[in-house]
Amino acid sequence: MPVEQPARPTSAAWRPVRATDTGLNGRTARLLTSEPTDDAGWPADLPAGATEVVIVEDAVSPTATLKVRTDGDAAPTTARIRFDQLAVRDEAVEG
């Protein structure tokens, strides 16, 4: 009798970005704080109310930040944000 495997989720939950993550360029990230900062603690220059950004670097920099940009109708804004203030979704595994 075959063993039934649990169904794989179609979309993954948000998880915090890890310092060792790579392949981040172009991925959507959710802000984990309403006041994101750079590595020195200075506020990121993002529009008020921004909750998601697009990562524009492949990996976390030596200063523990990622360069991100806003996405939407307005002109994109770029900023550097500490990696631990961002979350991404893991790629869904097709079975």
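Let me begin with a definition: buried means under 20% relative accessible area, exposed means over 50%, and partly exposed is in between, using a 1.4 Å probe and protein chains only. Aspartate 84, for example, counts as partly exposed at 38% relative accessibility.

Hello everyone. What you see above is a predicted model, so local features need pLDDT of at least 70, side-chain atom pairs count only at pLDDT 80 or more, and totals for chains, interfaces and linings use all residues. Residues are numbered from 1 along each chain as its sequence is written, and side-chain values use heavy atoms, with hydrogens and water left out.

Let's start with the overall layout. How many helices and strands does the protein have? The count is zero helices and six strands. Both kinds of element are DSSP runs, numbered from the N terminus: helices are H or I with at least four residues, and strands are E with at least two. Reading from the N terminus, you go β-β-β-β-β-β. Of the 95 residues in the protein, 32% are buried.

Now for contacts, meaning heavy atoms within 4.5 Å. If you take the contacts with a separation of 6 or more, 60% of them are between residues 24 or more positions apart.

Next, how the strands pair. Two strands pair if DSSP finds at least two bridges between them. β3 and β4 run antiparallel, over two bridges. Find valine 54, and you will see that its bridge partner in β4 is arginine 69. β4 is also joined to β5, residues 78–82, by five bridges, again in the antiparallel sense. There, valine 68 stands opposite alanine 79 in β5.

Let's turn to charge. Side chains of opposite charge can pair when their charged atoms come close. A salt bridge here is a side-chain nitrogen of Lys or Arg within 4 Å of a carboxyl oxygen of Asp or Glu. How many salt bridges does that rule give? The count comes to seven.

One of them is between arginine 30 and glutamate 52, at 3.2 Å from N to O. Arginine 30 sits in strand β2 and glutamate 52 in strand β3, so this pair ties together parts that are 22 residues apart in sequence. Arginine 30 is partly exposed at 33%, and glutamate 52 is partly exposed at 34%.

Arginine 69, which we met in the strand pairing, also forms a salt bridge with aspartate 71, with the closest N and O atoms 3.4 Å apart. Is aspartate 71 buried or exposed? Aspartate 71 is exposed, with a relative accessible area of 60%, while arginine 69 is partly exposed at 28%.

Then there is arginine 82 with aspartate 84, at 2.8 Å from N to O. Arginine 82 is partly exposed, at 25%. Elsewhere, Arg15, Arg18, Asp21 and Asp90 are joined into one network by salt bridges that share partners.

On to the loops. Threonine 37 is in the loop between β2 (28–31) and β3, and it counts as buried at 17% relative accessibility. Which residues does threonine 37 contact, leaving aside its neighbours within four places in sequence? They are Trp42, Pro43, Ala44, Arg80, Ile81, Arg82 and Gln85.

Proline 47 is found in the loop between β2 and β3 too, but proline 47 is partly exposed at 40%. Not counting residues up to four places away in sequence, proline 47 touches Thr70 and Thr77.

Arginine 27 lies in the loop between β1 (14–16) and β2, and it is buried at 15%. Arginine 27 and valine 56 are 29 residues apart in sequence, and their C-alpha atoms are 7.9 Å apart in space.

In the loop between β3 (52–55) and β4 (65–69) you will find alanine 64. Its phi is near 65 degrees, a positive value in a residue other than glycine.

I'll finish with the residues lining the largest pocket. A pocket is an open set of points on a 1 Å grid over the protein atoms alone, where a 1.4 Å probe fits, with protein on both sides within 12 Å along at least five of seven lines; lining residues have an atom within 4 Å of a point. Among the lining residues are Leu31, Pro43, Ala44 and Pro47, so threonine 37's contacts Pro43 and Ala44 turn up here again.

Thank you for listening!
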